[in-house]
Amino acid sequence: MRQSLVVGNWKMNGSVQKNQSLLESLKQGIGSVQQAEVAVCPPFVYLQQVSELLKGTVIAWGGQNLSQQAPGAFTGEVAASMLGDFGCKYVIVGHSERRALYGESDELVAEKFAKAQSVGLIPILCVGELLEQREAGETEKVVKRQLDAVINLQGVGALAKSVIAYEPVWAIGTGKTATPAQAQDVHAFIRGRIAELDTGVAEKVQILYGGSVKGNNAAELFAMTDIDGGLIGGASLKADDFLTICQAGK
Ligand code: PGA
């Protein structure tokens, strides 16, 4: 049985004051969350604050992105080792906003995945199709291509120390959640693709669903066989909503 994981992706949100009050509420409420592991991914500049507030609690933290390069002359970038310095356990790679708005290719995402693992961070690899790709019946093709970029660079074994997040792009921040059955179909496809290469890895890897997960739909999504928790954007900024979602973890 895979442990479920619920990760808050704060995106470019937060302030010193808001983070403090959100994390205090999470710390108070988290005691009642027995099952799921919980993590938050704030903007880089708040990692120091978040690490101080969460040290010694059951809540882990991570980055939202990283550089594929080793430290050096890369203005504005953040190295994997720096995330390690601030106690990050996870780092999100290949979020669809990075792919769409910052031109991150499958190959670049695979390099970032490898760099994260090289310093012991657990990459959360985001995959997912655009609306037009779903309508054209290309969902599986797109997701397979995104997944295979990592497998080709690192080998299927690398997925054993990673988390995968299936996030249909049309469901992110739109209020349009995939139905549990739609999500389960793609999760099963992803696990099946991995199983073609290594059944042990397929059985072990956590596959999260992301895209308009809220307190009122998390339980039915997380109840599906191949959905092992969620990557939560908007609802992770509200303590009550986020705690309700964490509570829905198996
Ligand atoms: P959302 O974002 O929950 O606001 O749809 C999810 C994500 O982008 O990770």
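**Figure 1. Ser212 sits in a loop of this predicted model.** Let's begin with the loop that joins strand 7 to helix 10 (218–222), where Ser212 is found. The backbone here deserves a second look: Ser212 has a positive phi of about 55°, although it is not a glycine. For comparison, most residues other than glycine have a negative phi. Ser212 is also among the residues that come nearest to the ligand.

**Figure 2. Lys11 lies in a loop between a strand and a helix.** Strand 1 (5–9) comes before this loop and helix 1 (16–29) follows it. Lys11 is not a glycine, yet its phi is positive, at about 55°. Lys11, too, is one of the residues that come nearest to the ligand.

**Figure 3. Thirteen residues surround the ligand.** Which of these 13 residues come nearest? They are Lys11, His95, Glu167, Gly173 and Ser212. Sorted by class, the shell holds seven polar, four nonpolar and two charged residues.

**Figure 4. Oxygen atoms of the ligand meet polar atoms of the protein.** In the side chain of His95, an N or O atom is 2.7 Å from an oxygen atom of the ligand. The backbone takes part as well: a polar backbone atom of Gly173 is 2.7 Å from a ligand oxygen, and for Gly233 the corresponding distance is 2.9 Å. On its own the ligand has 280 Å² of accessible area, and the protein covers 97% of it.

**Figure 5. Eight strands close into a barrel.** If you trace the barrel around, the order is 1-2-3-4-5-6-7-8, with parallel pairing. On average, neighbouring strands of this sheet are turned by 25° against each other, direction ignored.

**Figure 6. Strands 6 and 7 form a parallel pair.** Here, residues 163–166 make up strand 6 and residues 206–210 make up strand 7, and the two are joined over four bridges. What stands opposite Tyr166 in strand 7? It is another tyrosine, Tyr209.

**Figure 7. Helix 5 lies across two strands.** This helix, residues 106–118, lies across strand 4 (90–93) and strand 5 (122–127). Helix 5 runs at about 160° to strand 5.

Technical notes:
Residues numbered from 1 in each chain as written. Predicted model: local features only at pLDDT ≥ 70, side-chain atom pairs only at ≥ 80, totals over all residues. Heavy atoms only, no water. Near = heavy atom within 4 Å. Polar contact = N/O pair within 3.5 Å; in protein donor to acceptor, adjacent residues only side chain to side chain. Areas by Shrake-Rupley, 256 points an atom, 1.4 Å probe, with all protein chains shown as cover. Nonpolar A, V, L, I, M, F, W, Y, C, P; charged D, E, K, R; others polar. Pairing = 2+ DSSP bridges. Axes fitted to C-alpha atoms, helices over the stretch in contact; angles between N-to-C directions. Contact = heavy atoms within 4.5 Å.
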